[in-house]
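Here is a short note to read alongside the model. Please keep the structure open and find each residue as it comes up.

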Amino acid sequence: ILMDIVLKGKTDGIDAALEIKKFNIPVIFLTAHPEESTIERAKLTEPYGYLTKPYDTIELKYSIELAIYKNKMQEELKESEENYRNLFETMDQGVVYQDKNGEILSANPAAEEILGLTLNEMQGRDSKDPRWKSIHEDGSDFPGEEHPAMAALKTGKKVKNIVMGVFAPKNGKIRWINITATPKFKVGESKPYQVYTVFEDISQRIQMEEKLGGSEAKLEAVIESMNDAVFISDKEGNFIDFNQAFATYHKFKNKEECYKTLSEYPDYVNVYFDDGTLAPLDMWAVPRALRGETVSNAEYIIERKDTGEEWWGSYSFGPIRNQDGKIVGSVVVARDITEIKESGKKLRESEKKYRNALDNMMEGCQILDHDWTYVYVNDAAARHGRVVKEDLEGRSMMEMYPGIQDTEMFQVMEQAMEEG
């Protein structure tokens, strides 16, 4: 819409633009009144252009084209952000974002449920906070500085599949979680500015594993009650016991259809390492366990040869020894983590699309943290502000623009920050 600021009646073009904005229709102002006060009022409507009369027709043409382009980009950005937010809010895995010092910035509802804390209760805490009462699987203290998030921030590398027990105040019990921490970097920087952790509740699995070792009947009942695939082999790789979940995991209709020896499975499935390279049989879970390896959460990709169906599996395994310490078999617990992997992939794709949309906008975009620190600035914003964007990121708005907190624009931004 081409909007003249001066209209007949009590409502002027700026007031009309504020109403039109609700319908996401781009507005370009046309005016013969370039006074600073008028321009400042017009800025509040976030117009797509501002032309003073008399205007050049070529200039008008380009302004309209830019307005249409900007509107399209904002729609794509809004859709990407909404998809990202929906995934973040609805996924079953907990997700927590922390700043470079390890302080929690945000968390999804699943994280609140698993940790037994609200986001408000988490914000401000860091991984070294003693209230977590973190422990290793053997019950020993898990120092905060060794937390996967802190390790990822320190090394700049992804830390995968760490099992940790944390105190959940909601029920006063220890909640066991499996954590993967991924550092985030700004373009051109070698040190992370943030880290996000994705974790799942494995309390039930830990409890079940602790119960193993009882009578044979009790062991069988525990195995069958587990949602994870459990299989036990002798030293030759013959499967002497496995549960219904084992059949489901390997895409058999029932236990009776399952192959009973390891040697039969290479004709049924291909197994790949998590980087996609083919894993030879001697690197599958059972042979590794029979060699004496004890491993938690080794990730493999499984592919049925007859249908081409693929799924991700997380394997924990180890040897079974007799009283003399001799290996007599193996026990393997496998979990289908395909949904977790797909969720993580969608999360990364959505975030990448979101950032690309921002990077390619012709209009300036700035993202600020709750303390008014610049988290992100695109090239257009840097050009408009006549600054180098690397000089803005990590510094506060008040530091860069002294006195800005006294402006009308800042008051509008402050209100938006408070309202979320």
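1. Start at Phe 317. This is a predicted model. Leaving out residues up to four places away in sequence, Phe 317 touches Ala 285, Arg 288, Ala 289, Glu 293, Thr 294, Val 295, Ala 298, Val 331 and Val 332.

2. Now look at the largest nonpolar core, which has 28 residues. Phe 317 is among the members that touch the most others. So are Phe 231, Phe 239, Phe 246, Tyr 265, Ile 302 and Tyr 315. Several elements supply at least two residues each, including strand E9 (229–234), helix H9 (244–249), helix H10 (285–290) and strand E13 (310–321). E12 gives the most, with 4 residues. In soluble globular proteins, nonpolar side chains tend to be buried together.

3. There is also a second, separate core of 15 residues. Ala 111, Leu 115, Phe 142 and Ile 177 are included in this second core.

4. Next, trace the sheet of 6 strands. Its order is E10-E9-E14-E13-E12-E11, the sheet is open, and the pairing is antiparallel. Why is one side of E10 and of E11 left without a neighbour in the sheet? Both strands stand at the edges with a single partner strand, so each has one free side there. From one strand to the next, the twist averages 30 degrees.

5. Zoom in on one pair from that sheet. E9 and E14 are antiparallel and share 6 bridges. Asp 234 has Gly 329 in E14 as its bridge partner.

6. Another open sheet has 5 strands, in the order E5-E4-E8-E7-E6, again with antiparallel pairing. Strand E5 (104–107) and strand E6 (159–168) are its edges, and each pairs on one side only. Neighbouring strands are turned by 30 degrees against each other on average, direction ignored. Within this sheet, strand E7 (residues 173–184) runs antiparallel to strand E8 (residues 194–201), and 8 bridges join them. Thr 180 stands opposite Val 198 in E8.

7. Turn to helix H1 (residues 13–20). Which residues of H1 are buried? They are Gly 13, Ile 14, Ala 16, Ala 17 and Ile 20. Viewed down the axis, these buried residues fall within an arc of 160 degrees, so they line one face of the helix. An α-helix has 3.6 residues a turn, so residues three or four places apart point the same way.

8. Finish with Ile 39, which sits in helix H2 (residues 36–43). Ile 39 is partly exposed, with a relative accessible area of 28%. Its C-alpha atom is separated by 42 Å from that of Gly 102, and the two are 63 residues apart along the chain.

How values were computed: Residues numbered from 1 in each chain as written. Predicted model: local features only at pLDDT ≥ 70, side-chain atom pairs only at ≥ 80, totals over all residues. Heavy atoms only, no water. Buried < 20%, exposed > 50% of the residue type's maximum accessible area, 1.4 Å probe, protein only. Arc of directions from axis to C-beta. Pairing = 2+ DSSP bridges. Axes fitted to C-alpha atoms, helices over the stretch in contact; angles between N-to-C directions. Core = buried A, V, L, I, M, F, W, Y, C linked by side-chain atoms within 4.5 Å. Contact = heavy atoms within 4.5 Å.
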